[in-house]
Amino acid sequence: MPFQEYKRRLIQRKMELERQQVSLQQDLSKEHSHDFAEQAQERENDDVLTSLKHHAEAELAEINQALLRMEQGVYAQCTRCDAKINPARLEALPATAFCVNCSH
């Protein structure tokens with residue numbers, strides 16, 4: 001897969017995650033019901049939404065780092081051992097910073 005295709009996929013995913021974060025934040029900002037039973041369910045839902053938000057933030061950070069590595073010309077290079085990252089691995093995980101050996 002050409003370098004530009006990796007970049008396109010990363011930017012597309014970044015935009016999806018940014019939209020997801022806005023939506024999650026809006027959902028988390030909603031006022032809770034005055035009914036105690038409903039509040040319990042709403043708090044459980046908030047826990048799930050918060051977990052999704054943290055996951056999105058972590059993935060966004062990985063994508064931003066991958067885009068930075070592209071700018072620096074070291075995108076397909078493992079950040080631990082400097083080995084070349086297999087193109088099949090980059091195709092499956094375009095934001096990865098590690099070769100297969102260093103990913104364990």
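These are legends for a set of close-up views of a predicted model.

**View 1. The whole chain, three helices and no strands.** This predicted model runs α-α-α along the sequence, with three helices and zero strands in the protein. The radius of gyration is 18 Å, well over the 13 Å that the globule rule gives for 104 residues, so the protein is more spread out than a compact globule. Its C-alpha atoms take up a box of roughly 55 × 25 × 20 Å along the principal axes. Of the 104 residues, 28% count as buried. Take the contacts with a separation of 6 or more: 53% of them join residues 24 or more positions apart.

**View 2. The surface and its charges.** About 7,100 Å² of the protein is exposed, and carbon and sulfur atoms supply 52% of that area. As for charge, there are 13 positive and 17 negative side chains. The centres of the two sets sit 11 Å apart.

**View 3. Helix α1 and its buried residues.** Helix α1 covers residues 3-29, which makes 27 residues. From first C-alpha to last it reaches 39 Å, close to the 39 Å expected at 1.5 Å a residue. Which residues of α1 are buried? They are Tyr-6, Leu-10, Leu-17, Gln-21 and Leu-24. An α-helix has 3.6 residues a turn, so residues three or four places apart point the same way. The buried residues of α1 pack against α2 (36-72) and α3.

**View 4. Helix α2 from end to end.** With 37 residues, α2 reaches 53 Å from its first C-alpha to its last, close to the 54 Å expected at 1.5 Å a residue. Its buried residues include the hydrophobic-looking names you'd go hunting for, among them Leu-49, Leu-60, Ile-63, Leu-67 and Met-70. But Gln-39, Glu-42, Asp-46, Glu-59 and Arg-69 are also on the buried list, as are Ala-56 and Ala-66. What do the buried residues of α2 pack against? They pack against α1. Just past the helix comes Gly-73, with a positive phi near 80°.

**View 5. Glu-59, a buried acid in α2.** Glu-59 lies in helix α2. Is Glu-59 buried or exposed? Its relative accessibility is 19%, so it counts as buried, the cut-off being under 20%. Leaving out residues up to four places away in sequence, Glu-59 touches Arg-13 and Leu-17. Leu-17 is itself one of the buried residues of α1.

**View 6. Ala-61, also in α2.** Ala-61 is found in helix α2 too, but here the side of the story is partial exposure, with a relative accessible area of 42%. How many residues separate Ala-61 and Lys-14 in sequence? The answer is 47, yet in space the two are 9.4 Å apart, C-alpha to C-alpha.

**View 7. The loop between α2 and α3, at Arg-80 and Asp-82.** Arg-80 has its place in the loop between α2 and α3, and Asp-82 is found there as well. Arg-80 is exposed, with a relative accessible area of 55%. Asp-82, at 54% relative accessibility, counts as exposed too, because the cut-off for exposed is over 50%. Have a look at the backbone of Asp-82: its phi is near 70°, a positive value in a residue other than glycine. Arg-80 touches Phe-98 and Cys-102, not counting residues up to four places away in sequence. For a sense of scale, the C-alpha atoms of Arg-80 and Gln-26 are separated by 38 Å, with their positions 54 residues apart along the chain.

**View 8. Ala-97, after the last helix in the pattern.** Ala-97 lies in the segment after α3 (87-92). Where does Ala-97 stand on accessibility, buried or exposed? With a relative accessible area of 13%, Ala-97 is buried. Setting aside neighbours within four places in sequence, Ala-97 is in contact with Arg-69, Gln-77, Cys-78, Thr-79 and Ile-85. Arg-69 turns up among the buried residues of α2 as well. Ile-63, another residue on that buried list, is 34 residues from Ala-97 in sequence and 9.7 Å away in space, C-alpha to C-alpha.

Technical notes: Residues are numbered from 1 along each chain as its sequence is written. Side-chain values use heavy atoms; hydrogens and water are left out. Helices (H or I, at least four residues) and strands (E, at least two) are DSSP runs, numbered from the N terminus. The radius of gyration is taken over C-alpha atoms; the globule rule is 2.2 Å times the number of residues to the power 0.38. Buried means under 20% relative accessible area, exposed over 50%, partly exposed in between (1.4 Å probe, protein chains only). Contact means heavy atoms within 4.5 Å. Accessible areas come from the Shrake-Rupley method with a 1.4 Å probe; for residues, only the protein chains shown count as cover. Lys and Arg count as positive and Asp and Glu as negative; His and the chain ends are not counted. The place of a charge is taken as NZ of Lys, CZ of Arg, CG of Asp or CD of Glu. The expected span of a helix is 1.5 Å times one less than its number of residues.
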